[in-house]
Amino acid sequence: EENKMPDYKTIWISDIHLGSTACKADELCNFLKQNNCDTLYLVGDIIDGWKLERKWNWPQEHSNVIRRILTKAKRGTKIYYVIGNHDEFFRSWLSDNIFLGEIHFTNSHTYIDTHNRKWLIIHGDQFDQIVKHWKWISILGDMGYSFLLSCNGIIHKLRSLFGFGYWSLSKYIKSKTKQAVNFIYKFEENLSTYAEKKNYYGIICGHIHTPAIKKIGNIVYINDGDWVETCSAVVETFDGKFQLLILDENGEMKIVETFE
């Protein structure tokens, strides 16, 4: 593996939520083991400080993710840790743009792609008005989301007994509830408007656990999703293609969207 050429120019992942029981740590370890890159962006909510404050949960699988990331750094991968709201404790400990060992910690970063286009890399919680002004509501919402995620496991076990595949209650509610749909739409619009004002070509973010590659006005909006439900990542190939990868039922990462 050490002598293997990088598979991608750049990989973006976010919303891993290490410390949460819902974290798909094994799946992420497999992905990081099988896919190399020149640069890896960790786009926020890598460690779930909110969950760890309420109840400590850190199994070996979560340490394995950290070890896998540090191994990549040791072998020459440039790693940027873009801080999110669940790991906001880094913001109080660190000034912006500081290195801890081989990892560059920052609140946002400008990325220049193969075609010399400028992208804003940011977690996105700064554009979530609830997180920004009413954090206690966000924490309550997070507790409700955690409950739905726990229901997913129970539903999956029951469906498996009858030969049915995985189905996510939390994803279904997110896609069908008007308030949730409006929130996602507004979030995407706010980030895209900001990126256009700052003369970026596009934006790559996380936060809302809804992977996407789409054009919003003049801006290319990309969300790399999460490793709690979707198990998704965004990559840039060496010929400049951006691809959204999502883990399928067979445990393989499949390309679901492409942008050039």
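**Close-up 1. A233 and its bridge partner in this predicted model.** Let's start with one pair of residues: A233 is matched by L245, its bridge partner in β12. The two strands here are β11, covering residues 232–236, and β12, covering residues 242–247. They run antiparallel and are joined by 5 bridges.

**Close-up 2. Helix α1 on the sheet.** Staying with β11 and β12, we meet helix α1 (residues 25–34), which packs on the sheet and touches both of these strands. Helix α1 also touches β1 (8–13), β2 (37–42) and β13. The direction of α1 makes about 165° with that of β1.

**Close-up 3. Helix α3 on the sheet.** Here is another helix to find: α3, made of residues 60–74, packs on the sheet. Its contacts are with β2, β3 (78–82) and β5 (103–106), and its direction makes about 135° with that of β3.

**Close-up 4. The open sheet of 8 strands.** Follow the strands across in the order β4-β5-β3-β2-β1-β11-β12-β13; their pairing is mixed. At the edges stand β4 (98–100) and β13 (253–259). Each has a single partner strand, so one side of each is left without a neighbour in the sheet. On average, neighbouring strands are turned by 25° against each other, direction ignored.

**Close-up 5. T210 in its loop.** Now we visit the loop between β8 (202–205) and β9 (212–216), where T210 is found. A polar atom of the T210 side chain lies 3.1 Å from the backbone oxygen of I208. Look for T230 as well: T210 and T230 are 20 residues apart along the chain, and their C-alpha atoms are separated by 8.1 Å.

Technical notes: Residues numbered from 1 in each chain as written. Predicted model: local features only at pLDDT ≥ 70, side-chain atom pairs only at ≥ 80, totals over all residues. Heavy atoms only, no water. Helix = DSSP H or I, 4+ residues; strand = E, 2+ residues; numbered from the N terminus. Polar contact = N/O pair within 3.5 Å; in protein donor to acceptor, adjacent residues only side chain to side chain. Pairing = 2+ DSSP bridges. Axes fitted to C-alpha atoms, helices over the stretch in contact; angles between N-to-C directions. Contact = heavy atoms within 4.5 Å.
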